[in-house]
Amino acid sequence: MAKISRRKLLKTGLAAGGTAIAAASCSNRGPTVITNQIKDVTLRLIGTGAAQINDIRVQAEKDLGFKIQMRALSTAENIQIAITQPNQYDVFDGEYFALPLVAPSGNLQPIEIRKIKEFDKITPIFTTGELYPGARVNTSQGTAPRKVMFLKGKDSTEFASEPTDWATMIPFQYNADTLGYRPDLVSKKIESWADLFDPQFRGKTSLLDIPSIGIMDAAMVMEASGQMKFGDKGNMTREELDKVTNLLIEQKQVGQFRAFWKTFDESVNLMSSGEVILQSMWSPAVTAVRARGIPCVYAPLKEGYRGWGGGLGLSKNLAGIQLDAAYEYLNWMLDGWVGGFLSRQGYYSAAPQNARKFMKPEEWDFWYEGKPAAIDIIDPFGKKIESKGAVRDGGSFTERMGNVVCWNSFMEEQVYLVYKWTEFIVA
């Protein structure tokens, strides 16, 4: 029995009168209850459209042998349900910046690290905050994932400052965010966050309408243009929030913005249509625009990137075979298939060497090494997005992630931030 993988046991089941009959321990993965009813398990996931993708669901069900339900939400809806409706989900797919809001609710149960087979393959960006000596990611402002990665114990909702045996979420993707633009419609190369407020693009720009993130993009713009200087863009004071809001309202009143977007698809449609030619953007959204045959650039800006990290947390209500299946899903997310799939959209895998096993060498060289494409680059849906010879915007993994200067964040003045952001949106 020790030679049979825990996943295979879960997928095939062991029958004995239709009830659970055995507990097995595999390597250091911990005990699990095996049942012939695994095929009847359904895991309910909530998350944003970034990873609630049908292709991932289909592959997971094929590999794991149980059902997956995915519910794609806006970032605000996702956080709200995680905090207020724990019975509505089994697995929470969220960003680390949301954890100071979600974790204190007690709706996520601490994750036992010894049950995560590939935990040691996770990039240290999440565990220690390191990347390489001198990388700006080490000292970034905001809610760096390592700050909220670990809990003090199995019954705790308090973050630990050093690695422990209990995690809030298991990471699977992350990226360095910047501005996207249409080079065919913009008359110059975009090299600074300050360009978002350039009068020549009046009426053709857009900001991300998620208060915690949009306010940081605005801060990047204002610092780059010399209008403000922040102590910590990820934790602004009331005075800083007041000033940022006033400057945003001024820009809105002169017509700088065409729209504000909340979801991945909205950003893709705005850019593809040409309604917007320069905006806050996510790397996979740029990839999606290119897949439509429309030129779009993810600008490597001289001031650096705003970083974010996403992971999976477990509902406090999970127990028994449902909990066991959820751990299998977490392990599957690090195995490499998902990492390879998401890497072809422009994300980075939390276990990059596992993802590499599911990528062509030429794909790895393009997406992670920053080398010119040796072949045409195809997205995970089979569409060509780059021609042979192209180089990824911003270069290699270390060049991009090593230049993250702030992280998506939960601020001490979060309530006031949302109040001020709403004041700007309705102005």
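Which residues lie nearest the centre of the largest cavity? That's where we'll start, keeping in mind that this is a predicted model.

**View 1. The largest cavity and the residues around it.** Thr-48, Thr-75, Gly-94, Glu-95 and Trp-308 are the ones nearest the centre, out of a lining of 16 residues. The space inside comes to about 200 Å³, and this cavity is one of 5 in the structure with a volume of 30 Å³ or more. As for who builds the wall, α3 (75-84), β5 and β15 (305-315) each put in at least two residues. Strand β5 gives the largest share, with 4 residues.

**View 2. Asp-93, a buried acid without a salt bridge.** Stay with β5, which runs over residues 91-95, and you'll find Asp-93 in it. Where is the nearest side chain of opposite charge? That would be Arg-71, 13 Å away. A salt bridge needs the nitrogen and the carboxyl oxygen within 4 Å, so a partner at that distance doesn't qualify. What Asp-93 does have is a polar contact, side chain to side chain, with Gln-52 at 2.7 Å. Beyond its neighbours within four places in sequence, Asp-93 is in contact with Ile-46, Gly-47, Thr-48, Ala-51 and Gln-52, and also with Asn-78, Phe-172, Gly-311 and Leu-312. Thr-48 may ring a bell from the previous view, as it's among the residues nearest the centre of the largest cavity.

**View 3. Lys-115 and Glu-112, a buried salt bridge.** Now for charges that do find each other: the whole structure has 23 salt bridges, and here the side chains of Lys-115 and Glu-112 pair up at 3.6 Å, N to O. Are the two partners buried or exposed? Lys-115 has a relative accessible area of 12% and Glu-112 has 17%; the cut-off for buried is under 20%, so both partners count as buried.

**View 4. Glu-223 and Lys-233, a salt bridge from helix to loop.** The closest N and O atoms of this pair are 2.8 Å apart. Glu-223 belongs to helix α6 (residues 211-224), while Lys-233 sits in the loop between α6 and α7 (238-253), so the bridge ties together parts that are 10 residues apart in sequence. The two ends have their own surroundings: Glu-223 is partly exposed at 21% relative accessibility, whereas Lys-233 is buried at 3%.

**View 5. Lys-384 and Asp-376, a partly exposed pair.** In this salt bridge the closest N and O atoms are 3.7 Å apart. Lys-384 is partly exposed, at 42% relative accessibility, and Asp-376 is partly exposed too, at 36%. For an inset, go back to the pair in View 3: salt bridges with shared partners link Glu-112, Arg-114 and Lys-115 into one network.

**View 6. The largest pocket.** This pocket has a volume of about 450 Å³. Its lining has 25 residues, and those closest to the centre are Gly-49, Phe-264, Asp-265, Ala-288 and Gln-345. Two helices, α8 (264-273) and α9 (283-291), each supply at least two lining residues. Which element gives the largest share of the lining? It's α9, with 4 residues.

**View 7. Helix α8 and its cover.** Zoom in on α8 and look for Phe-264, Ser-267, Val-268, Leu-270, Met-271 and Ser-272, which are buried. An α-helix has 3.6 residues a turn, so residues three or four places apart point the same way. The cover over the buried residues of α8 includes the strands β10 (170-181), β11 (205-208), β12 (257-261) and β13 (278-281), along with α9. After the helix comes Gly-274, with a positive phi near 85 degrees.

**View 8. Lys-147 in its loop.** Lys-147 lies between β8 (141-142) and β9 (166-167) and is partly exposed, with a relative accessible area of 36%. Ser-161 is 14 residues from Lys-147 in sequence, and their C-alpha atoms are 6.4 Å apart. Leaving out residues up to four places away in sequence, Lys-147 touches Ser-140, Gly-142, Phe-159 and Ala-160.

How values were computed
Residues are numbered from 1 along each chain as its sequence is written. This is a predicted model: local features need pLDDT of at least 70, side-chain atom pairs count only at pLDDT 80 or more; totals for chains, interfaces and linings use all residues. Side-chain values use heavy atoms; hydrogens and water are left out. Buried means under 20% relative accessible area, exposed over 50%, partly exposed in between (1.4 Å probe, protein chains only). Lys and Arg count as positive and Asp and Glu as negative; His and the chain ends are not counted. A polar contact is a pair of N or O atoms within 3.5 Å; within protein, one must be able to donate a hydrogen and the other to accept it, and residues adjacent in sequence count only if both atoms are side-chain atoms. Contact means heavy atoms within 4.5 Å. On a 1 Å grid over the protein atoms alone, a cavity is a set of points where a 1.4 Å probe fits but cannot get out, and a pocket is an open set with protein on both sides within 12 Å along at least five of seven lines; lining residues have an atom within 4 Å of a point. Grid points are joined across faces, edges and corners, and a volume is the space filled by probe spheres set on the points.
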